[in-house]
Number of protein chains: 2
Amino acid sequence: MTGFSNRQLLLKQRPHGRPGPECYEWRESRTAAPADGELLVRNLYLSLDPAIRGWMDDAPSYMPPIPVGSVMRGTTIARVIESRCDGFLPGDIVQGLNGWEDYSITPGAGFTAKVPLELKRPLTNFLSVLGPTGLTAYFGLIDVGRPQRGETVLVSGAAGAVGSIVGQIAAILGCHAVGIAGGAQKCSWLTEQLGFDAAIDYKREAGLGAAIQAACPDGVDVYFDNVGGPLLESVLANINERARLLMCGAISGYNAVEPPPGPRNLWQLIVKSARLEGFLIKSYLGRWAEGRAQMAAWLDAGLIKHREHVDRGLENAPQSFLRLFDGNHDGKLIVDIAGKEAP
Amino acid sequence: MTGFSNRQLLLKQRPHGRPGPECYEWRESRTAAPADGELLVRNLYLSLDPAIRGWMDDAPSYMPPIPVGSVMRGTTIARVIESRCDGFLPGDIVQGLNGWEDYSITPGAGFTAKVPLELKRPLTNFLSVLGPTGLTAYFGLIDVGRPQRGETVLVSGAAGAVGSIVGQIAAILGCHAVGIAGGAQKCSWLTEQLGFDAAIDYKREAGLGAAIQAACPDGVDVYFDNVGGPLLESVLANINERARLLMCGAISGYNAVEPPPGPRNLWQLIVKSARLEGFLIKSYLGRWAEGRAQMAAWLDAGLIKHREHVDRGLENAPQSFLRLFDGNHDGKLIVDIAGKEAP
């Protein structure tokens, strides 16, 4: 028998709200040989991101939906087993959009990048602080938010993988960094460990508008929205002239069957000559190395702290994925697929 | 007795919804002499703009509310009667933010500008196509919308003073210009007289999303929103990558006691890396002459058509103002205050 035994998680049916176990089914197959230009890779770590929830719906988005019956999609760190693509050799550690499976066949050039091992960071870092989440924080804040020293940067989902980095970069840049998170423990982590100037516990505050006003006495210049939903209305009531509001995620709505209405006070954008802008990290693929180098330098200098939540075993991926929506994890959510096999 | 008899319209009470006659009261007074640095001017033409409705509310905005008991605020074209400000002489024709009254005392420098009579246009043009409305269209579209040749520009309130100019500029720039307006007559004016490529009659169309899709087969690159309200949701469903959505007015909400909820699909901004930006013409005061020169050149070349709806008599201003909300006027709404006295 040729090939390797490959466990694959397929999308069995589209979720209606929360993506429960009924959405998945297992397939056991043997790996095929890669075609010309392709790689066969062993997936080591799988990144679980809110965006995957969007791909599970049959809705127009920036990527096509995952077809029902196909392997679930996700970014992995992987080891090249067999290469039919110039520039890749067996043993190379690479990163790319692969599947929730032990092995993937993947196009090489343009779709797969070598992990820069010379940065001497743990492999999981390239899915977290030096990967899509860290670079989403970096390019979103720097390039779309454009914060100036002394301005106030407010971030929602502040204890999350993206939000926690956003606030730390804002603090490095000399901004007044304020986070919104759920629970006293998360909030004290932001202010005591990560250098946020203030944190707002949305589970505790009755009036979020007043809480934002208190934590941002000079108003909000940059808002980095990782959660979407009704929070935006409270933020709009507190923005300054020429504020930049960045929509990065809308996790509060991902499981909504009926999307919630938008903010009633969008006209504040007119009153304040302000801007609300959507952001996708895929627009910055050409500047990946630049962002990663800066993030690595800040990490090495001890200026950025981050957490990774690594769950073990591909078989636990569906359960693990739900943590994103329950807030039941600390830091970037990753599944260790290969266990001891990982280098 | 010194001074001139001055009829003044005061804000008697703040409107609750539509600004009916109960909101105003008359005062007859005598004009005072201007203080040092001030001008006494005879108001000739008064511009009636949607923004005035906002100033009647006691709500935070980009200008303070009109205090109850004070003269209604508005932009006028006026003749200088007495000047205590360097650079202005009696007889000069000026433009500035004055009041709904026969005469105003106004600060000179920085608040009042001489009308460029050398452009040889009717005075009312400086309140319409060469004034705030025309320049709102110009700077909003050019500077915020940034349309490129071949892109699709969609404008709401397209038969209005701003919208009708937006679509014509878009057509001049080689864009696919589409307008949304109410009624077959307005729509045929857009396509047959103004050079719009298509017009959507929102009063007739059941599904606006589908109507926009049909009129904008390549999707919407620039949306110039003059009306606010639920239309935005239908537009968001049809935007292209990197679309620029410009919020210029929100007239549909000006009389709303309870503001309507915002669009349910703001996440389209993320999916399309698009931008929603508020715009106020006051940000462009420093570039007024540049915009006016370009608009005057297009007017002289016959490339821009426009309409003015001039109602006669200050006493009719409150009734005239309601036309803005009833759609019961054609073109820029202006009150002729001085009648035969005007030069």
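## A tour from the interface outwards

Start by showing both chains of this predicted model: chain A and chain B bury about 2,600 Å² between them, 58% of it from carbon and sulfur atoms (buried area is the accessible area, with a 1.4 Å probe, that two parts lose on being put together, summed over both). Now select R264(A), I270(A) and R275(A), the residues of chain A that lose the most area to chain B, together 22% of what that side buries. Widen the selection to the whole contact, and you will pick up 32 residues from chain A and 32 residues from chain B (contact means heavy atoms within 4.5 Å).

Residues are numbered from 1 along each chain as its sequence is written, and chains are lettered from A in the order in which they are written. Local features need pLDDT of at least 70 and side-chain atom pairs 80 or more, while totals for chains, interfaces and linings use all residues, and side-chain values use heavy atoms, without hydrogens and water.

Next, hide chain B and colour chain A by secondary structure. Ten helices and 15 strands appear in chain A (DSSP runs: H or I of at least four residues, E of at least two). Chain A has a radius of gyration of 21 Å, close to the 20 Å from the globule rule for 343 residues, so it is as compact as a globular protein of that length (taken over C-alpha atoms; the rule is 2.2 Å times the number of residues to the power 0.38).

Finally, draw a box along the principal axes: the C-alpha atoms of chain A fill roughly 70 × 45 × 35 Å.
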